[in-house]
Amino acid sequence: MKAKLAAHRPLRPYARWIPLAFLAPHLLVFCCFNIFPILTGIFASLTKWTLGEMPQWVGLANYANLLTNPESIYYWQLRWGLLNTVKFVVFCVPFRILVPLAFALVLSSKCRGHKVLQACYYLPSLLSLSVVMVSWLYMFDSNAGIVNTLLGLGKFRWTTTEPYNWIALIFITVWWGCGGNLIIYQSAIAGVSQEILEATSVDGANAFQRCIHITLPSIKFPLQYTIITSVIAEFGIWGQPDMFNGGGPTLEVVNGVNHQSNKMLMQYIAESGFGSSGVNAGVASSMALILGLIIFAVSMLQFRAMRRGND
Amino acid sequence: MTGMKARRRTPLESLKRNWRSWLLSLALFVIAAIWLCPMFFSFFASFKTNVEMKRYPKYRNIVPLEWTLENYEFTWNNAAAPFMNMVLNSFIVSVTTVVLVLVIASMSAYAYERLEFRGKEKLFWALFGLSMIPGVVSLVPQYYLYDALGWTNELICLITPYLGNVFYIFLLRNFMHGIPKDLDESARIDGANDFVIYSRIVIPCMVPAMMVVALFSFTGSWNDLMWPSLAITSPNKLTLTSGIRLINDSYGGRYERILAACMLTMIPTVLLFLIARKYFLQGLQLSAAVKG
């Protein structure tokens, strides 16, 4: 009966325009508000574009200035911004992986209250960045701050002293970003075969050996996923330094540009793209495209891994 | 393994047998308390008077000696940073985003999962690849685009950039794949068209995945800091998250007042988490599982 019905039914029991009708809303918003700005960004990076004027085509001049011309202020902005961002990624990402991983491994013993503990460790990730930053600014404050009082540091200035501003920024970022990775690791660890763990335990492997040789290799893919997403997220860092100290103390001045201790590339992009003085959306777009290419290269690694997993 | 037996023993016996597990729990709770101490300190500080805040290093009192609601009253009534407006803006933006994202993403997911058309997979993966272009590339032109449309300082410019999310479609599509097709096929034989199948049959089965997408897009929109801070200049149109940034700049280091605003800002997301904790955790696991 069923086969008979199927044979009589046309291959597509609906009109040709039906799929389009379902896709149209997404395609429309995606093209207007995602693709179009990206294309404009690529175009703008090849122009000189100051506020209130039409963009003027300058070809690759922006990139030439950014990459090779030490006379240009943007050369120094890109250089210092990118160096600081890379420095931040290199020092921050290992902790963004290791801290939640340590929590997840300890919580996997299902000790008493592990669900409450999980919620406690996850909680900071629910807060918005501005709330997180205000709380920590208060903690690190040089006058009213709890950190200074507890550590007996007097009126130590966390926001303006290198390298302590970096330590504080990384600490805050790890604290804020711990939750997501923690949950991912916990669910991955829960899927590790109990039989193998017990068998090796009988064979005399201790908890540390079991963790290194069995648990960690079995959660390889979630680990890779979180490393890549964390790298991508930290390359776009803006809010933490913006609210913590606006970029930190000036280390040197070259060509009228302040080399600030922890000012990130995203801050320079936002400043030259939107700032009240010396707006140049063209160069800002070029800088954004360079940062975007770096992030894109990292995400392609993930994309490839995903398609492999899906096929 | 020992849990079942331990529950039948008295606590003291269980403590003797499993002292290591108890010790571990205790240590973890101490770490959790330290981990959350910025939240406790901030909470109590928001009820302190200005005098007491300044005296903190001397007396080292965490809990206010004298509780006051003055900071909350100030935040609520401060004309320079209209708090009530920010609350409203945040809710309007987040709720609209969630509703539109759910409709748009689930319709697309239905087309990719349940309908056949030429170049389906190619289109899907092309969109997915395009969506991986980092947002920073479109940041600056996006601002000028909305400026040209006259949408800067309008709430709509905080909604539209997040509607085209392809990952939500991916998530919903994967979930829809697990829903048996028997139901839609029998409905189709009974003469139901695709819009009926989509809205009456598929969507009701999708509630768990829709919850996950709703929570993600709500918290994402509520907590978004950079774009509203750059796109919105009028205090009346700021959302809470970006408003806190303004408040932080304009209250002149009066932490007790800024923190009072922060405490009010975090209520919705924390409340949502407590109510829908299951879906939050599921969503995070789901996103890692399909991507990893």
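A residue is called exposed if 12 or fewer other C-beta atoms lie within 10 Å of its own, and buried if there are 20 or more. Keep that handy for the exercises below, which use a predicted model.

**Exercise 1.** Decide whether A:Asn255 is buried or exposed, and work out where A:Asn255 is found.

*Solution.* Start with the count: 12 other C-beta atoms sit within 10 Å of A:Asn255. The cut-off for exposed is 12 or fewer, so A:Asn255 is exposed. Next, the place: look in the loop between strand S3 (250–254) and strand S4 (257–260) of chain A. Finally, check the backbone: phi is positive, about 60 degrees, even though A:Asn255 isn't a glycine. Most residues other than glycine have a negative phi.

**Exercise 2.** Do the same for A:Lys110: buried or exposed?

*Solution.* A:Lys110 has 11 C-beta neighbours inside 10 Å, so it counts as exposed. You'll find A:Lys110 in the loop between helix H4 (73–107) and helix H5 (114–122) of chain A. Its phi is positive too, at about 55 degrees, and A:Lys110 is not a glycine.

**Exercise 3.** Find which residue A:Pro163 is joined to by a cis peptide bond.

*Solution.* Go to the loop between helix H7 (146–151) and helix H8 (164–190) of chain A, where A:Pro163 sits. The partner is A:Glu162, and omega comes out at about -5 degrees.

**Exercise 4.** Check the span of helix H17 (residues 255–275) of chain B, then say where H17(B) bends.

*Solution.* Take the 21 residues at 1.5 Å a residue: the expected span is 30 Å. The end C-alpha atoms are 30 Å apart, so the two agree. As for the bend, H17(B) turns by about 35 degrees at B:Ile267, with the proline B:Pro268 following within four residues.

Note on methods:
Residues numbered from 1 in each chain as written. Chains lettered and ligands numbered in written order. Predicted model: local features only at pLDDT ≥ 70, side-chain atom pairs only at ≥ 80, totals over all residues. Helix = DSSP H or I, 4+ residues; strand = E, 2+ residues; numbered from the N terminus. Expected span 1.5 Å × (residues − 1). Bend = angle between axes of the 7 residues up to and from the residue.
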